[in-house]
Each structure stands twice: as C-alpha cells, then as structure tokens.
Amino acid sequence: MPMQAQLDRRAAVAALLKNRNDTLVVSGLGSPTYDLHSVGDHDGNLYLWGAMGGAALIGLGLAQAQPGKRVLALTGDGEQLMGLGGIATIGVARPRNLDIVVIDNQHFGETGMQASHTGRGVDLTAIAVACGFAAAGTVRTIEEVQRLATQIAEPADGPRLFVIKVLAENPPRSLPSRDAVFIKNRFRAHLGFAAA
Amino acid sequence: MHSLQSNPDTRADNWPSELYRILKAADVRQMSYVPDAGHSQLISLFSADRDVTTNVLTTEEEGVAIAAGAWLGGQRSVLLMQSSGVGNCINMLSLSAIGRFPLLMLVTMRGEWAEFNPWQVPMSRATQPSLEAIGLKVMRAETAEDLVETVESAAALAYDSDQQIAVLIGQRLIGKKKW
C-alpha cells in the first residue's frame, strides 16, 4: 500500500500558482475550484461548478485557440477519472501549451469522501504516458510542488500531466462566482474579446 | 434559395463540400468529431485544412467541452457526431447551456429511415427530445438544399447570438447504409 499523503492541498495549489504570470487556469468542479479561488480570484480563471470530466478538454480547446499562452487544467482525481478518454484525445492532439495537474486526495471529497480509483492502484500518470504525453509525474511534498511549478513554466514538446498527492480533507470552502456567463465574459475580456 | 438550385455544388451528393464552405465562411477554426459515415467527406475536408484544428474524440461530450474552451480563447468550433452520440453529451451540455457558450453540433441521424440496425432506433427516438430537454435549439433538414441554408442560419445563431444549436441531418438525406 502506498503511504498516506500528508500534503495540504491549499498549500500545494498556492505553491503551484505562486508565479503563474499569464497562465490561464481551468479548475474542475468541487475542491479544485475552491482551491483555485482560495489562492486569489483572477480574470484568467475559469471555475467549473459542473461539467464533470470536462476541465482538461476545456483546457484543450483553449490551448488550441491560444497557442501563445500556457493553459493549466487544475482538477481532482474524481473529475479526471470521469474524463479518462479525454487523456487519449489530448495525447493525440498534442498541444504544447497544456498541462493537467490533478490534486489527488484519492477520494470523492465533495460527496462524502468515498474512496476513488486512484487510491486503489489506478495511476493517472501511467495512463498519460501511455497516451503519448510529453511528461508525467507524481509529487508528494511541498518542495516537489515548488520544483513542479518551475518545470511547468518552461516550454514543453507536448501535453504534460502531473499528480499532486494530498491529504484527504475538506478545508473551508472558498467560493467563486457560480455565474458561468459572468466568469466566461470576464475571462474573454481578459484576453481582449468583447461580449456578444 | 433559388440561386442555390442552379448551383451544381448543391447537388444531392455534394452537400458536405457546401457545408465546409459555409463553416469556413463563418470562421470556424476548430472541428471535433466522433466519426459517422455521413460525415466522412466533411471530416476529410477539415482534416486537410491547416487553418482548422481537428480533434478526434473518444466520446462526443469531449467536443462540447472543447467547443467551450475554443470560445474562451476566441475561436469558433463545430462538433460532428451521429445521433447515438447525442446521449453521451447530455450532462456536458449543461456547460454550454448555463454558460451560454456558442455551440454548433451537426448530427447525422441513424435509426429513422431504412435502418438495418435496430440498436440505432432507441437513441434516434430520444435525440431531439433529450437535446431540447437540456436546452438546445434543434433544427432539422431533409434535403441537401435545406441543409445548406439551415447550417448557415444555425452558424449565425450560434456564433453571433450565443446560442446552442444542434442541426439534425435526416437519414433520408444521407442515404441507406450498405450492409
């Protein structure tokens, strides 16, 4: 059995995004959306409150439309497990500016902390490698997250997927707007696009 | 449109190239698909186009998410599938509906006209009601001529008016699959 993760998810996300610069971030529903908001609201954040399985694929469409910008899909193990096929689609599309970071507590934290597949032997990084990702890896300490933040700021030859193993707990929720039209238009305005 | 009737490009077997022309004129820059025989020519035309990013999907709902991401980044996209794929999309269509993301889906119908495979029938019957139940506008075409006009209109509604549109392409128009 793998050792129990001890890393605090909020500390991990704060370290990951400390020097985000102009990175665009799409967050998966549930805790990753709260984690992203807890670091500080940002016009380049797209918070999901639904669309389970879609975070990385929204990231793909965005990365393809904005090849000059880095795009980060910040999601959870449950959300990414629902979008497993999307890892194959992204592997084939091979964007050079898309990273998926899975905040992995090995549980469905939003619904009562039921154990997920990632604590039972399913390795998302191995799936990403098998789908042709340019890089993949798992980190477990804050020092490793800091190194990961440096790594994902550098150019890549293709998509990358990293898993950050964190402690299974629900910190106090940090709630962004649930108005998807507002968040969408704010995000587009950040990139210089007008609302309809 | 009478002018289209005399245009050889709108002959019954040439509607895919007309749709390609219309979607290019609408500045579509991304196309995603789960293949259908009825879409094969349109898929080939887009795949050969260096100005359009094409994504082959493992399941149709992925294309709904990609379309939203493309719009966030300032690009228009189109999603191609057959009617069986509509059922795969339903929850992901919440994203398009609640975010008012422009969405244009072109759906080739199976299970409704000279169908050999009975397994296509239940989802065929559910296609339009389930799309409407999640909030999409459904448009339908039964002839090549009507399809070209319908897609042109649907593209304007989607991209200029932030609507979520599915155009159903009647199986009668696509023709009988040979077994």
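Let me start with one working rule: a residue counts as buried if 20 or more other C-beta atoms lie within 10 Å of its own, as exposed if 12 or fewer do, and as partly exposed in between. Hello everyone, and please keep in mind that what we are looking at is a predicted model.

Let's put that rule to use straight away. Is N105(A) buried or exposed? N105(A) has 25 other C-beta atoms within 10 Å, so it is buried. You will find N105(A) in the loop of chain A that runs between β4 (98–104) and β5 (107–108). Which residues does N105(A) touch, if we skip those up to four places away in sequence? They are R9(A), D77(A), V166(A), L167(A) and A168(A). Take D77(A): 28 residues separate D77(A) and N105(A) along the chain, and their C-alpha atoms are 7.1 Å apart.

R9(A) leads us on to a pair of helices. R9(A) is one of the residues of α1(A) that meet α2(A), together with R10(A), V13(A) and A14(A). On the other side, α2(A) brings S31(A), D35(A), L36(A), S38(A) and V39(A). By class, that contact has four nonpolar, two polar and three charged residues. If you want to trace the helices on the screen, α1 of chain A covers residues 9–16 and α2 of chain A covers residues 31–39. Their axes come within 9 Å and cross at roughly 60°, and α1(A) and α2(A) are therefore oblique to each other. The crossing is right-handed.

One more stop in chain A: the backbone at A51(A). Its phi is near 55°, which is a positive value in a residue other than glycine. A51(A) sits in the loop between β2 (45–47) and α3 of chain A. With 28 other C-beta atoms within 10 Å, A51(A) is buried.

Now, how do the two chains meet? In this model, 27 residues of chain A are in contact with 28 residues of chain B. On the chain B side, β2 (53–56), α4 (61–72) and α6 (93–99) each supply at least two residues. Which of the elements of chain B gives the most to the side that touches chain A? That is α4(B), with eight residues. By class, this side of chain B has 12 nonpolar, 13 polar and three charged residues.

So let's follow α4(B) across to chain A, where α3 (residues 55–65) comes up to it. The axes of α3(A) and α4(B) come within 6 Å and cross at roughly 40°; the two helices are therefore oblique to each other. Here too, the crossing is right-handed. From α3(A), the residues taking part include L57(A), I58(A), L60(A) and L62(A). Among those they meet in α4(B) are A65(B), I66(B), A68(B) and L72(B). The residues of this contact divide into 11 nonpolar, four polar and one charged.

Next, the core. The largest nonpolar core has 103 residues, and the ones touching the most other members are I164(A), V64(B), V107(B) and V167(B). Let's zoom in on V107(B). Setting aside residues up to four places away in sequence, V107(B) touches nine that you can pick out on the screen: M81(B), Q82(B), S83(B), V86(B), T127(B), A166(B), V167(B), L168(B) and I169(B).Elsewhere in chain B, α2 (residues 15–25) packs against α8. Their axes come within 10 Å and cross at roughly 20°, and that makes α2(B) roughly parallel to α8(B). The crossing is right-handed. On the α2(B) side we have W15(B), E18(B), L19(B), I22(B) and L23(B), while the α8(B) residues include L147(B), V148(B) and V151(B). This contact has nine nonpolar, no polar and two charged residues.

Just ahead of α8 (144–161), in the loop that follows β5 (137–141) of chain B, we come to E142(B). E142(B) has 16 other C-beta atoms within 10 Å, so it is partly exposed. Beyond its neighbours within four places in sequence, E142(B) is in contact with G170(B), R172(B) and L173(B). The C-alpha atoms of E142(B) and G170(B) are separated by 5.1 Å, although the two lie 28 residues apart along the chain.

Last stop: R100(B), in the loop between α6 and β4 (103–108) of chain B. Its phi is near 50°, again a positive value in a residue other than glycine. R100(B) is partly exposed, with 19 other C-beta atoms within 10 Å. Thanks for listening!

Technical notes:
Residues are numbered from 1 along each chain as its sequence is written. Chains are lettered from A and ligands numbered from 1 in the order in which they are written. This is a predicted model: local features need pLDDT of at least 70, side-chain atom pairs count only at pLDDT 80 or more; totals for chains, interfaces and linings use all residues. Two residues are in contact if their C-beta atoms, placed from the backbone, lie within 7 Å. Helices (H or I, at least four residues) and strands (E, at least two) are DSSP runs, numbered from the N terminus. Ala, Val, Leu, Ile, Met, Phe, Trp, Tyr, Cys and Pro count as nonpolar, Asp, Glu, Lys and Arg as charged, and the others, Gly among them, as polar. A nonpolar core is a set of buried Ala, Val, Leu, Ile, Met, Phe, Trp, Tyr and Cys residues joined through C-beta atoms within 7 Å. Axes are lines fitted to C-alpha atoms, for helices over the stretch in contact, and angles run from 0 to 180 degrees between N-to-C directions. Angles under 35 degrees count as roughly parallel, over 145 as roughly antiparallel, 65 to 115 as roughly perpendicular and the rest as oblique. A crossing is left-handed if the near helix is turned anticlockwise from the far one by less than a right angle, and right-handed if clockwise.
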